[in-house]
Amino acid sequence: MDKVEKPVLLIHEGEKAGQRWTLQSDLTVVGRGNECDLLLPERQISRQHIRIRRSGGQYIIEDIDSKNGTWVNGQPLKGEQLLQDGDEINLAMAVKLVYMETEATAPIARADNNAASGVVATGIRLDREARRVFVSNRELDPPLSLPQYRLLELLIDLKGSICTREQVIAAVWPDVMSDGVSEQAIDALVRRLRDRIAEIDAQHQYIITVRGHGFRLDQGG
C-alpha cells in the first residue's frame, strides 16, 4: 500500500522554531494548555488557540476565541478558513506556522548539535510585508538596506537559478540605466549582503558567484 502523505506545520518563529508537526489525526488543537496536541509555551498563546480539522481531503483552521488572535497570510482569521499549501499562520504575533500539504514538500531542517532544544532550521526566509529577513530562524538586525533586500529577494525568487548582472540592475536600481551601474558596484553590493548574512551564519556560503554568468542562491540542505 502506498504511503499517504500527511500535511505538516512548520514552526518558523517562536520558542520551538525549526520544529515541525505532522497532522496525523482528523482534529489537531494548538495552544498553551497541556491538553493540546501541539503545545506552544509562549504566554501570548491561549490555552486552546486554534483547531485544525480534516474535511474530506482538505484541512480547515478555526480560531478558538483566542485572546490575542490568529492571522492567516496577514489577514485576521474570522470563523473557519480552508488552508492552502504554503499558508502562513501567525498566532498572537508570537508564533508563526507554515502549513505544507505534504511532508514531501516541506524543507528539511538540519540539526544543530549545540541547540538547547529541538531542530534548528538553516536557510533564509523573508517576511515580505515587513521587509524582515531571517537566517537560520534568527532575524537580521539592523535590517538590510533597500538595495541589499532587493537583491536577496531577487535571489530567493529565482530559487537557485542563475541571476544575471542585468537582472540585478533591473531589480536593485530600476530607475538607473544599465550602463550607469558598474561591475564594481554590483560586486560591492553582493559582498556587503554576504557579510550581513554571515553575521548569523558564517558556516554556509549562501550567495554563489557563477563566473561569467552572475550569482545564485544556495539555501543548503
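1. Two strands are taken to pair if DSSP finds at least two bridges between them, the strands themselves being DSSP runs of E with at least two residues, numbered, like the helices (H or I, at least four residues), from the N terminus. With that in mind, valine 30 in strand 3 stands opposite leucine 38 in strand 4, and two bridges join these strands, which run parallel. Strand 3 is also joined by four bridges to strand 5 (residues 50–55), in this case antiparallel, with leucine 27 opposite arginine 53.

2. This is a predicted model, in which local features need pLDDT of at least 70 and side-chain atom pairs count only at pLDDT 80 or more, while totals for chains, interfaces and linings use all residues. Residues are numbered from 1 along each chain as its sequence is written, and side-chain values use heavy atoms, with hydrogens and water left out.

3. The mean pLDDT (the predictor's confidence in each residue, from 0 to 100) is 85, and 86% of the residues reach 70 or more. Over residues 104–121, however, pLDDT stays under 50, and the model has 34 contacts (heavy atoms within 4.5 Å) beyond four places in sequence for that stretch. Where pLDDT is low, the predicted coordinates should not be read in detail.

4. Strand 3 (residues 27–31) is largely enclosed by the rest of the structure, because four of its five residues are buried; buried means under 20% relative accessible area, exposed over 50% and partly exposed in between, with a 1.4 Å probe and protein chains only.

5. A search of the whole structure finds one aromatic pair, formed by tyrosine 59 and tyrosine 99, which is tilted, at 6.4 Å centre to centre and 50° between the planes. Rings of Phe, Tyr and Trp (its six-membered ring) pair if their centres lie within 6.5 Å, and planes under 30 degrees apart count as stacked, over 60 as edge-to-face and the rest as tilted. Tyrosine 59 lies in strand 6 and tyrosine 99 in strand 11, so the pair ties together parts that are 40 residues apart in sequence. Tyrosine 59 is buried at 6% relative accessibility, and tyrosine 99 is buried at 3%.

6. The largest nonpolar core (buried Ala, Val, Leu, Ile, Met, Phe, Trp, Tyr and Cys residues joined through side-chain atoms within 4.5 Å) has 27 residues, and its largest share, six residues, comes from helix 1. Apart from it lies another core, of 21 residues, among them Ile45 and Tyr99.
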